[in-house]
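Dear colleague,

I am passing a structure on to you, and since it will be new to you, I have written out below what was found in it. Please open it first and keep it in view as you read.

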Amino acid sequence: MIGKLNHVAIVVPDLPAATALYRDTLGAAVSEPVDLPPHGVTVVFVTLPNTKIELLHPFGEKSPIAGFLEKNPSGGIHHICYEVEDILAARDRLKAQGARVLGDGEPKIGAHDKPVLFLHPKDFVGTLVELEQA
């Protein structure tokens, strides 16, 4: 059901420093910061030959990742994202198998302008999983 790894999302306490680390130290191509107010994050996309890294920093007072940084002040891996061909079929199959879909269960438009869903980490060995329609 799952396709390729789309990205690994890392919450960072200092977005300019993290961007410089990936660009200057590791030599990766990085985007300019993009504010995504509906998601409560500012994102920098790091493009690698085989996938992407998504650097996440809180945006606004109600950012869903602010609590993550409170518990993990140095930042860390937040979620992994897999592509699926049909996000509704994937959702229905997972729910039928007992997996919990976060939120209201309906796909939202994600940072890549494609439908996404998040799956409860307790159902996936402690890992928050994002599904993105390919």
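The model is a predicted one, and under the rule applied here it holds five salt bridges.

In one of them, Arg23 pairs with Asp24, with 2.8 Å between the closest N and O atoms; Arg23 is partly exposed at 39% relative accessibility, whereas Asp24 is exposed, at 54%. Another joins Asp92 to Arg91, where the closest N and O atoms are 2.9 Å apart. Here Arg91 counts as buried because its relative accessibility of 11% falls under the 20% limit, while Asp92, at 43%, is partly exposed.

A salt bridge also forms between Asp123 and Arg100, again with the closest N and O atoms 2.9 Å apart. This pair links distant parts of the chain, 23 residues apart, given that Asp123 sits in the loop between E8 and strand E9 (129-133) and Arg100 in the loop between helix H3 (87-96) and strand E7 (108-109). Asp123 is partly exposed at 28%, as is Arg100 at 40%. Through shared partners, salt bridges also join Arg91, Asp92 and Glu106 into one network.

Turning to the pockets, the largest encloses about 680 Å³ of space and is lined by 30 residues, with His39, Pro64, His78, Val116 and Phe118 lying nearest its centre. Strands E4 (41-47), E5 (52-58), E6 (76-84) and E8 (115-119) each supply at least two residues of that lining, and E8 gives the largest share, three residues. By class, the lining has 15 nonpolar, 10 polar and five charged residues.

With best wishes

Methods
Residues numbered from 1 in each chain as written. Predicted model: local features only at pLDDT ≥ 70, side-chain atom pairs only at ≥ 80, totals over all residues. Heavy atoms only, no water. 1 Å grid on protein atoms, 1.4 Å probe; cavity = no way out; pocket = protein on both sides within 12 Å on 5 of 7 lines; lining within 4 Å. Points joined across faces, edges and corners; volume = space filled by probe spheres on them. Helix = DSSP H or I, 4+ residues; strand = E, 2+ residues; numbered from the N terminus. Nonpolar A, V, L, I, M, F, W, Y, C, P; charged D, E, K, R; others polar. Salt bridge = Lys/Arg side-chain N within 4 Å of Asp/Glu carboxyl O. Buried < 20%, exposed > 50% of the residue type's maximum accessible area, 1.4 Å probe, protein only.
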